[in-house]
Amino acid sequence: MAGQLNPQLLLAVPLAPLAGAAIAGLFGTRFFGNLIGRKTSHTVTILGVLIAFIISVMTLLAVMDGASYNGTVYTWMTVGSLKLEVGFLIDSLTAMMMCVVTFVSLMVHIYTIGYMKDDEGYNRFFAYISLFTFSMLMLVMSNNFLQLFFGWEAVGLVSYLLIGFWYTKPTAIVANMKAFLVNRVGDFGFILGIGLLLAYAGTMNYGEVFAQKTALAQLTLPGSDWALLTVACICLFIGAMGKSAQFPLHVWLPDSMEGPTPISALIHAATMVTAGIFMVARMSPLFELSDTALSFILIIGSITALFMGFLGMIQTDIKRVVAYSTLSQLGYMTVALGASAYSVAVFHLMTHAFFKALLFLGAGSVIIGMHHDQDMRNMGGLRKYMPITWITSLIGSLALIGTPFFSGFYSKDSIIEAVEATHLYGSGFAKFAVLAGVFVTAFYSFRMYFMVFHGEERFGKAHGHGNHHDDHHEEEGADDHAHHGLAPGQKPHESPWVVTIPLILLAIPSVVIGFFAIEPLLFGSFFNGVITVNDIHPAMEELRANFHGPVEMVIHGLTTAPFWLMLAGVATAYYFYMVNPRVPAAIKQRFHGIYTLLDNKYYLDKFNEVVFAGGARMIGRGLWNVGDRSLIDGLIVNGSAKAVNWFSKITRLWQSGYIYHYAFVMILGVLGFLVYFMPSPFAK
């Protein structure tokens, strides 16, 4: 079916989750008096996302047959020649993102039934995650910068609500405020980039801006010799650094684990954190014209991929290990963008969405089985108690580390090959970072796997390790002494079917999607006319020349450095945590300084607190003391009152009631007029 897609049907994709969010959020909460129950709330929100998913799959099939859509759905206002519109651009990139977002969201919605069953905010949570799905769909379906910015800010706002879902928990409030503020820093750059393009292109429509790319590339920023397009692209990418948690704007993402586990999968797998990757891929016609911007992206992505992986190696909270894994994998995607391998970045975005959602939801299943204990030091031997969670988590881990034939192998190896083919500034460091990151990823992934599912059973001890709790009851005001973790004698248990079914459904694409998708996405016509790559950037051409099929890629991969680094990482983790557990403790003691640096997350939070927050406090105090107290209150308000008081005291002396006083004042007034208006005797 080639031709134009139905805009009314497309409109149902974002509106169906929005309708579910409105029903659950208004009628299922105290807002309108809890008119509907839990079953109705989760039914309408799941139905809305299911409708969006079905239409998204239909749209993808139609797009693969040649159909497309690029048009205005609603015109908000017209200012001169500038049109502010709501519009959809549906091509292969958009259709793929729609399917990924709606599928992962659907799995999270189903999973939430089991995970949040005892939470008082059950209906509110379903309203939030459905509203988040609407926001993300508006972002990926947009055909103009205005709607892109709306979706961009909407996902940020809803993530603020989700991270701080347990609003009586102080750490959750700090985490959601941190996420909100850090994203505002990135969004400041993002809106500057949009403003530059609007100022010089005169439009906010993607297609109209891309049509002027050659002319824009010839311009410089007024008052400087900087290329306008380079500045605009770097500003846009700064927005992506905030949303996709790239160094140094990554600090919000690990702390966002304070929210319930389902939102960790939703925000950190397929949706919000990949918005920046999607945006840069969508803007490829512009980024391709600036090698400076691409080098900047390459270096930032390399730092994130390697150094955030190091932090994952020492975490003891199961969710934080997966969170730092997300940071590292987002770095890999960003490196691919910097190497002009946009389709490879999007390919890894897709494969990562499935296995990372699987790992987050698997971690949540473990947390349920452990009675909301998240500390891996209190786990061990869960394999025989939670067989479904065990096998699905193993699949997710194998996909994450790039095991041959699993989805992550095809996308991650393609990124490494693309980086080796690029010659931009910073490519040398990028090659080292992505290769070293293979070992690091394998080590922390299987460190978590062995500590949780194998070895000694460390749960049910009288004195367990302290941990962060993802417990609904405590935050909602239950007994402060409620027990967390398994009591002595208690055993873990497998999660209910509403939790395990999404794990199984996510495990399937985590295994097979890379094998079947690599050829059409990277070397076929899937992204033709959607993603632009200039001839001067050879990464994709070299990948195409070396690709001879998914099976041959595996055979070749068995002889390359990434495969052996991956095996080395797994073997090291096995030896450290299964054979000789004394080694990690000895290394920690021997390299205490490095461990302290990693444990304090490179002191970036402290740096931000002292430099930026401290600087802001100093400026605030200065403005308060000098500007508010001294200038406004002291000089203007109190000073004017004192001046009036002084003037009143002087004039009161002449208001005595005696006629001769008034006559004297009149004489002085007449004398003043005469002096003022009398011609000067020296005038010619």
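How much of the chain over residues 76–126 is helix, and how much is strand? Over that stretch the chain is 57% helix and 25% strand. The C-alpha atoms at the two ends are 30 Å apart. UniProt lists these residues, 76–126, in an unreviewed entry as "domain: NADH-Ubiquinone oxidoreductase (complex I) chain 5 N-terminal". Keep in mind that the structure shown here is a predicted model.

Now step back to the whole protein. It has 684 residues, and 55% of them count as buried. The chain forms 28 helices and three strands. Along its principal axes, the C-alpha trace spans about 110 × 65 × 60 Å. Look next at contacts between residues with a separation of 6 or more. Of these contacts, 81% join residues that sit 24 or more positions apart.

Start with the strands. Strand S2 covers residues 67–79, and strand S3 covers residues 82–90. The two run antiparallel, and nine bridges join them. One pairing is easy to pick out: threonine 72 has glycine 87 in S3 as its bridge partner. Together S2 and S3 make a hairpin, with two residues between them. Glycine 80 sits in the turn and has a positive phi of about 65°. What do side chains do along such an element? In a regular strand they alternate between the two faces of the sheet.

Move on to helix H4, which runs through residues 122–141. Threonine 133 is found there. Is threonine 133 buried or exposed? Its relative accessibility is 1%, so threonine 133 counts as buried, the cut-off being under 20%. Leave aside residues up to four places away in sequence, and threonine 133 touches Pro17, Val101, Ser105 and His109.

For a contrast, go to helix H23, residues 550–557. Isoleucine 555 lies in this helix. Its relative accessible area is 54%, and isoleucine 555 is therefore exposed, since exposed means over 50%. Isoleucine 555 and methionine 77 are 478 residues apart along the chain. In space, their C-alpha atoms are separated by 57 Å.

Next come the pockets. The largest pocket holds about 910 Å³ of space. It is lined by 27 residues, and the closest to its centre are Met313, Arg447, Tyr577, Pro584 and Ala585. Which helices supply at least two residues each to this lining? They are H19 (427–453), H24 (561–579), H25 (582–590) and H26 (592–599). H19 gives the most, with six residues. By class, the lining of the largest pocket divides into 19 nonpolar, three polar and five charged residues.

The second largest pocket holds about 750 Å³. Its lining has 23 residues, and Lys178, Val182, Val251, Asn608 and Glu609 are the closest to its centre. Two or more lining residues come from helix H6 (170–201), and likewise from helix H27 (604–652). H6 gives the most, with eight residues. The lining of this second largest pocket has 13 nonpolar, three polar and seven charged residues.

Finally, check some details of the backbone in the loops. Proline 248 is in the loop between helix H9 (228–243) and helix H10 (252–255). The peptide bond leading from phenylalanine 247 to proline 248 is cis, with omega near 0°.

Phenylalanine 405 belongs to another loop, the one between helix H17 (387–400) and helix H18 (407–421). Phenylalanine 405 is not a glycine, yet its phi is positive, at about 80°. How accessible is phenylalanine 405? Its relative accessible area is 42%, so it counts as partly exposed.

Lysine 601 lies in the loop between H26 and H27. Those helices have already come up: H26 supplies residues to the lining of the largest pocket, and H27 supplies residues to the lining of the second largest pocket. Lysine 601 is also a residue other than glycine with a positive phi, in this case near 55°. Its relative accessible area is 23%, so lysine 601 is partly exposed.

Terms used: Residues numbered from 1 in each chain as written. Predicted model: local features only at pLDDT ≥ 70, side-chain atom pairs only at ≥ 80, totals over all residues. Heavy atoms only, no water. Pairing = 2+ DSSP bridges. Helix = DSSP H or I, 4+ residues; strand = E, 2+ residues; numbered from the N terminus. 1 Å grid on protein atoms, 1.4 Å probe; cavity = no way out; pocket = protein on both sides within 12 Å on 5 of 7 lines; lining within 4 Å. Points joined across faces, edges and corners; volume = space filled by probe spheres on them. Nonpolar A, V, L, I, M, F, W, Y, C, P; charged D, E, K, R; others polar. UniProt positions renumbered as here; feature names shortened; annotations may be inferred. Buried < 20%, exposed > 50% of the residue type's maximum accessible area, 1.4 Å probe, protein only. Contact = heavy atoms within 4.5 Å.
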